[in-house]
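Dear colleague,

I am handing over the structure we spoke about, and below it you will find my notes on what was found in it. Please read them with the model open beside you.

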Amino acid sequence: MEYHLVWVLILVLLKTTTDVSGQVVVPSMNPLAVGSNVTLNLVPQSPINIGTWSYETTIIVLFYPNGSSVSTSYQGRVSFNRSSSELSISSLQLNDSGRYTVQGMEPVLCAVVTLSVREPISNVTLRANATDLVELNDTAIFTCSVSSGTSLSYRWLNDSSEVTASDRVRLGGGNSTLTIVSVTRYDEGPFRCEVINGISNGTSQPIGLNVSYGPSNLTMMVVPEMTIGHTAYKTGSDITLSCSAQSKPAESYKWRFNEAFLNEQSPKLSLQNTRQNQTGNYTCVAHNKVTLRYATMTTMIKIVEPISAVSLNRDGKPPILDQSFTLRCEVTGPVDYIHWLMNGQLISLNNRTFFSTGNKTLVINPIQFSDNGEYLCEAFNAVSNLASMTFKLVVNFGPERPAVTSPDIAMTGHIVTFNCSASSQPPSQFSWFFNGSQVATGSEYETGPLTLASHGEYTCVAFNNITGRNSTVSKMLIVVEPVTMTIVIALGSQPILNQTFSLTCETCGTVYSIHWMRNGWPLYANNRTDFSMNNNTLTFNSVQHSDNGDYQCSASNPLSNMTSRNYRLIVNYGPERPVIMSPDIAMTGYIVTFNCLASSQPPSQFSWFFNDSQVAAGSEYETGPLTLASHGEYTCVAFNNITGRNSTVSKMLTVVDPVTMAMVKVNGAQAIADYLFTLTCGTTGTVYSIHWMKNGWPLYANNRTDFSMNNNTLTFNSVQHSDNGDYQCSASNPLSNMTSPEYRLIVNYGPERPVIMSPDIAMTGYIVTFNCSASSQPLSQFSWFFNGSQVATGSVYETGPLTLASHGEYTCVAFNNITGRNSTVSKMLTVVEAIKSVMVKRNKIPISSDNLTLTCDVTGRYDTIYWMKDNLSLVLNNTLNSDITISNNSLHFSPVKVSNDGNYQCVATNLFGPHTSPNYKLLVNYGPLSVNISGPVSVVIGSVITATLKCSADSRPTSEYGWKFNNQSMLGTGPLMAVIASLENAGDYTCVAKNPVTNISMSKTISLDVTGHSPAPPFQSRVGLMLTALLALSLCL
């Protein structure tokens, strides 16, 4: 009965004991295989007089002085070594996995370990849901399984690389399944799974995937490639289109033309003898029969027919003065752009002329008389150009200046004709009114037999149905007796230019006066035209072209007048101003056509002479194929058989050979900056002129560039970098030219402006790199000198670790082996000693209210030191830091306070910048302060077994605690005191808190009152004192 109660009390106390000893349990192996043995060792080893080993909540072994007891369920499987407190367990099973705890009362300790018992792994198997997959469509699911094994960890391998989870790769089922979503061609494996459980491992057989993909990366090539400057192929071209793609299995092909499939299923499509109707979009369609995917690529093939017809037509209303007028160029065949010409000259835009609809329309707004002329449009495409027939533009206008031609007086019984005319294009339409009433239409109005009632005002209204305008003129008719006849008759021979010619007005009736008219207008005498005394004869003293026209004479008396019918005068002349139309120069082998023209009435007859020998008759003469002997003077003789005159004109024809070769050649050595350099243009053929170009632009002489007399030599008096470029010479005569291939001129120069890139200052122990560069063609070679001695070659020089002796001048010499020139640059390097370390040190342990000094310990040369706290510069002029001072490299706290806690750094600076020490964390030790005891002040026996008192104090570091009972010797240590509820334990309990750093102690006393009856068990004398001491130990909370 006595020991039974002791064990109960021991077990109760052990259940509340925590690991306060610092000891741990170390198994001989962990994890472990099923059936294996394990020994649990207490480290460091320590014999336990009273304690237990337990598994989870089950006690395995209970041990006490001079004895131990093993649980029935563990007998035969466990052994306990009392001297080392180790526990051995044999024949482990899976259900032996769990938490093992050793607890001691004497000494007080608690240590725990967790064992894992596992079954070995066997027969690792890998399965896949499918192995034939389609890229991006299918998901691969691998499942890894074992025949036996526990606590399994899985690792997946793709070939030799570990597989990890990602957006497409998922691990599930404790990593036993691998899912690859939307597989790609790079997921083919082989895949394996590796299973591990700490005691064994196994790897599956590999599984590979067959991933079908594509077609992708489809490309198309067209042969031949389009030539530069062209956007189309000529009709009749042979074109081949080729396709290729990445695909597994291999792709098949079809071709579409403008979305319609063609009968071609190979990677190549051949277009033979192409026509314009083959212009369109050609699409290559690649297909994978497994992935069921298609890939397409389309290219536009343009087949252009030559332009076959160009016509020029009016668009809309006819041309009317001061209004807008439009011409439209209609082209048969594809067209790229259109040019417009007026009277053979290219039309340019101005404030009245502009183009629209891709230059197919020419708009003139407003149109003027100056726009009259012959227009044509010329259309161009990639393979041809064609011009329209000329469109003769005549500007419509009027009517303006209307006039009525009629006698002012007529005789009764006669019929009078009124002729109305107006300046108008097209000719006007006319209406006639007599005394306000309309009587006729047309330019001519003929009255009936006149009566005196026919006397009055006759009005002509002219109307232009194109311009929509009208104009009015009136004429007063006096009716009298008529003149009965007038006629114009020529006297003598036909009219010949510059000779005398006469017309006579013959009349019947009494004539008082005769007047002459030309083209309906009155005719008056001038320095070439005379009238006879009675005006019946008109004499041209020297008839001229300007005298051509329709002549009438009008005979009148006060009662009547009559105008003759028109006599058309055409002056015979010429031939004059003969002209030969032909080239001035031609090439051997060609045929030249000469056309002869002369101004003549009637037209001239023509004869041709070459070097004074007649060779042909007629206005046109065509030579045979030309030779150099065809060079000479060709003469045309024009003859007029009416005037009996002839006129001669000659034309010199120059015959030359074509230019067949042009080549730029170099004279002398390579081009070196600032030196003379010469290029020569070599030619073959008849050359009239040579022109030079640089980079495609004409080249002209300047103060550094000269040309020879015939331009065949280009000389740079002082060649410069700016002369670099592609040079060509063009040789020509009036009929042919040839441009040489490009000659690329690269001027060698330098070295110039050498520069050293390096630091100006460096620290000992460091390595400095110098980089030297110079402007040079070709690139320079470099040499390095230190204080006058060569140390390296090449553009980069790297020093060794620097010493103070490395201080000095470093010189780079750049050399050009073509120009033979060199250039030098130097750089001074200053070497200073480096700061090697910066460290904050204290003079003693920081204790509140004591003085403390922090010193900045610097190895190396420095200029200044400053302090930082919590990454901010330390400011001393505030209340918080009023007790801190700085002297030299030390920081003084007088005294140090808890408010000074923080991370301190010192910063040493030199020319290379700041060097910051590691953080020194200042924690000011203090206390203990305000000791306090919590717990009951009274207990009743029987209501509780123990009363727990807890002691606390504000202190840094944490205080050590000791307990006194009724001011007697110490009962124990630690912040907790467990007191058995008995009358003997009533009294004063004192907690003494001591700071082990500050050595300051402070105590607190509490009185515990115990009431009730306390039986005295027979074992009290043996274990009472022991239990009281044990209860003073730290308890599990």
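The mean pLDDT of the protein chain is 87, with 95% of its residues reaching 70 or more; please keep in mind throughout that this is a predicted model. Two stretches call for caution: over residues 1-20 the pLDDT is below 50, although this stretch has 42 contacts in the model beyond near neighbours in sequence, and over residues 1016-1037 the pLDDT is likewise below 50, with 44 contacts counted in the same way. Where pLDDT is low, the predicted coordinates should not be read in detail.

Turning to the nonpolar interior, the largest nonpolar core has 23 residues, and those with the most contacts inside it are V25, L40, W53, I60, L87, Y100 and V102. Two or more residues are given to this core by each of the elements β3 (38-43), β4 (50-55), β5 (58-64), β8 (86-89), β9 (98-106) and β10 (108-115), and of these β10 gives the most, with 4 residues. To follow one core residue outward, V102 touches V25, L42, I48, T52, W53, L109, C110 and A111, when residues up to four places away in sequence are not counted.

Two residues in neighbouring parts of the numbering may be worth a look. I141 lies in strand β14 (residues 140-145) and counts as partly exposed because its relative accessibility is 34%, a value between the 20% and 50% limits. Leaving out residues up to four places away in sequence, I141 touches R127, A128, N129, L178 and T179, while its C-alpha atom is separated by 56 Å from that of Y920, which is 779 residues apart from it along the chain. N158, for its part, is found in strand β15 (residues 153-158) and counts as buried, because its relative accessibility of 18% falls under the 20% limit. The residues that N158 touches, again not counting those up to four places away in sequence, are V163, Y186, G189, P190 and F191.

Two open sheets are described next. An open sheet of 4 strands has the order β30-β31-β35-β34, with antiparallel pairing; its edge strands, each of which pairs on one side only, are β30 (309-314) and β34 (353-356), and its neighbouring strands are turned by 20° against each other on average, direction ignored. Within this sheet, strand β31 (residues 325-332) pairs with strand β35 (residues 361-364) in the antiparallel sense over 4 bridges, and T326 stands opposite V363 in β35.

The other open sheet is formed by 3 strands in the order β90-β92-β95, where the pairing is antiparallel. Its edge strands are β90 (926-934) and β95 (976-980), each pairing on one side only, and here too the average turn between neighbouring strands is 20°, direction ignored. Strand β92 (residues 946-956) is joined to β95 by 5 bridges, the two running antiparallel, and A947 stands opposite V979 in β95.

Finally, a loop residue: R528 is placed in the loop between β50 (521-522) and β51 (529-531), and its side chain reaches the backbone oxygen of S542 at 2.8 Å. Its neighbours within four places in sequence left aside, R528 is in contact with T539, F540, N541, S542, V543, Q544, S546 and D547.

With best wishes

Definitions and conventions
Residues are numbered from 1 along each chain as its sequence is written. This is a predicted model: local features need pLDDT of at least 70, side-chain atom pairs count only at pLDDT 80 or more; totals for chains, interfaces and linings use all residues. Side-chain values use heavy atoms; hydrogens and water are left out. Two strands pair if DSSP finds at least two bridges between them. Axes are lines fitted to C-alpha atoms, for helices over the stretch in contact, and angles run from 0 to 180 degrees between N-to-C directions. A nonpolar core is a set of buried Ala, Val, Leu, Ile, Met, Phe, Trp, Tyr and Cys residues joined through side-chain atoms within 4.5 Å. Buried means under 20% relative accessible area, exposed over 50%, partly exposed in between (1.4 Å probe, protein chains only). Contact means heavy atoms within 4.5 Å. pLDDT is the predictor's confidence in each residue, from 0 to 100. A polar contact is a pair of N or O atoms within 3.5 Å; within protein, one must be able to donate a hydrogen and the other to accept it, and residues adjacent in sequence count only if both atoms are side-chain atoms.
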